[in-house]
Amino acid sequence: MSIHGLRIVLMLAKLNDLELWGADIGNAYLEAFTDEKLYIIAGPEFEELEGHILVFHKALYGLKSSGLRGSEKLHDIMKDLGFLPSKADPYIWYRENKDGTKYEYVAIYVDDLLMAMENPKEMIDQLKEKFKLKIKVDGPLEYHLGCDYYLNPDDTLVAAPRKYVSKILEAYKIMFGEDPKSSKLPLDKNDHPDLDNSELVGPDQIQKYMTMIGQLQSAVTLGRFDILSQVVSMSRFRLAPRAGHVARVKKIFVYLSKTKHYAIRFRTDEPDYSNLPDQDYDWCRSVYGDVHEEIPEDAPKPLGKPVVHSVYLDANLFHDMVTGRALSAVLHFLNMTPIDWFSKRQATVETAT
């Protein structure tokens, strides 16, 4: 399951007044049976069974195929409950609610479930009683896959990787023996790290640099897209960073330490674009020719409240002063909720328009 797919489920849940619950399946692999013929010869630790041939039936942890067997078991359960896998993400399942006015969703990540339903407790009871699954934790959504979730006083759902940010800041303190200092911005305005000519750092600093970049990339994935472009810019130097590059990455951690409360609000109102001109573009004179929109014949019928998809994009021209390449960034919204983001250096050098 993709993290942006999870955010889409969360946004649709708030839009269509569904309850959000999380659940954790205990010993998920052991709920499935293995297809392979596996056995061991019992050793002395089996006492009176020593020397016997013991055949495996359950998909034990450590077997190469256990993950697949567990996934197949959950697949059969979801089918039995009337769910269908999404064509965009097979680990996000959907079904119509009882009156057929909206969809309910279940997002599965290994043994973690996120349910967006009218009555998630009913499904939990079915998993326990009908399918005999061991549900370790279940209840209203508070924490899932590295993110904290809570409701604002106005009932707006908020997602914030506060625990993860606190964890990597603690790792920073252990790594450098000090807390991050104060900084209002992740990097200085008009900064060009490609022009840095400070000394190259040694193997120990390179390892720390790679660790910090990996931690920051995870923070971006979990929702901190306010440092997206800075992390992308600094990731280029992870194989041979200079002292100035290390100082810049440390500054991003400083910024995170002062903005641990930053979060994503799942706002479901439709954006107002009434003041923008509605222009039709004649694609016949482009390289695409006379094109027509292709709509899949097997797409599920639309249910629930409408959604507006907006895309914002921009580029920092000549961000890389050595090659002249710009740094692009793209931000996707569903209604007024940021869902996905992306940034990279452009592959070619473009001139200003």
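**A nonpolar patch, salt bridges and two positive phi angles**

Leu195, Leu317, Phe318, Met321, Val322 and Val349 together make a nonpolar surface patch of about 540 Å². Patches are built here from residues with over 30% relative accessible area and no salt bridge, with nonpolar side chains (Val, Leu, Ile, Met, Phe, Trp, Tyr) joined within 5 Å and like charges within 9 Å. Areas come from the Shrake-Rupley method with a 1.4 Å probe, and for residues only the protein chains shown count as cover. One of the patch members, leucine 195, sits in the loop between H4 and helix H5 (203-221).

The model is a predicted one, so to speak of local features takes a pLDDT of at least 70 and side-chain atom pairs count only at pLDDT 80 or more, while totals for chains, interfaces and linings use all residues. Numbering runs from 1 along each chain as its sequence is written, and side-chain values use heavy atoms, with hydrogens and water left out.

As for the overall picture, the protein has 7 helices and 15 strands, taken as DSSP runs numbered from the N terminus (helices: H or I, at least four residues; strands: E, at least two). The C-alpha trace spans about 75 × 60 × 50 Å along its principal axes. Of the 353 residues, 41% count as buried, where buried means under 20% relative accessible area, exposed over 50%, and partly exposed in between (1.4 Å probe, protein chains only). The accessible surface comes to about 21000 Å², and carbon and sulfur atoms account for 54% of that. Contacts (heavy atoms within 4.5 Å) often reach far along the chain: among those between residues at least 6 apart in sequence, 66% join residues at least 24 apart.

On the charge side, there are 43 positive and 53 negative side chains, with the centres of the two sets 6 Å apart. Lys and Arg count as positive and Asp and Glu as negative, leaving out His and the chain ends; each charge is placed at NZ of Lys, CZ of Arg, CG of Asp or CD of Glu. A search of the whole structure turns up 22 salt bridges, each being a side-chain nitrogen of Lys or Arg within 4 Å of a carboxyl oxygen of Asp or Glu. Asp35, Glu36, Arg69 and Glu72 are joined in a network of such bridges.

Helix H3 takes part in two of the pairings looked at here. Lysine 98 bridges to glutamate 122, with 3.6 Å between the closest N and O atoms. That pair links distant parts of the chain, 24 residues apart: lysine 98 is in the loop between strand S5 (92-96) and strand S6 (103-109), and glutamate 122 is in helix H3 (residues 120-129). Lysine 98 counts as exposed at 75% relative accessibility, whereas glutamate 122, at 34%, counts as partly exposed. Lysine 128 pairs with aspartate 138, the closest N and O atoms being 3.5 Å apart. Because lysine 128 lies in helix H3 and aspartate 138 in strand S8 (residues 135-140), this bridge ties together parts 10 residues apart in sequence. Both ends are partly exposed, lysine 128 at 35% and aspartate 138 at 32%.

Another bridge has aspartate 148 meeting lysine 163 (3.9 Å, N to O). Here aspartate 148 lies in strand S10 (residues 147-151) and lysine 163 in helix H4 (residues 162-176), so parts 15 residues apart in sequence are tied together. Aspartate 148 is buried, with a relative accessible area of 6%.

Turning to the backbone, most residues other than glycine have a negative phi. Asparagine 27 has a positive phi, near 50°. Its place is in the loop between strand S1 (19-25) and strand S2 (39-41), and at 40% relative accessibility asparagine 27 counts as partly exposed. Lysine 132 also has a positive phi, of about 60°, although it is not a glycine. Lysine 132 is found in the loop between H3 and S8 and is exposed, at 57%.

Two further residues round things off. Leucine 313, in strand S13 (residues 309-316), is exposed with a relative accessible area of 65%. Neighbours within four places in sequence aside, leucine 313 contacts Ala329 and Val330; alanine 329 is 16 residues away in sequence but 5.7 Å away in space, C-alpha to C-alpha. Serine 233, in helix H6 (residues 228-235), is buried at 2% relative accessible area. With the same neighbours set aside, serine 233 is in contact with Pro193 and His319.
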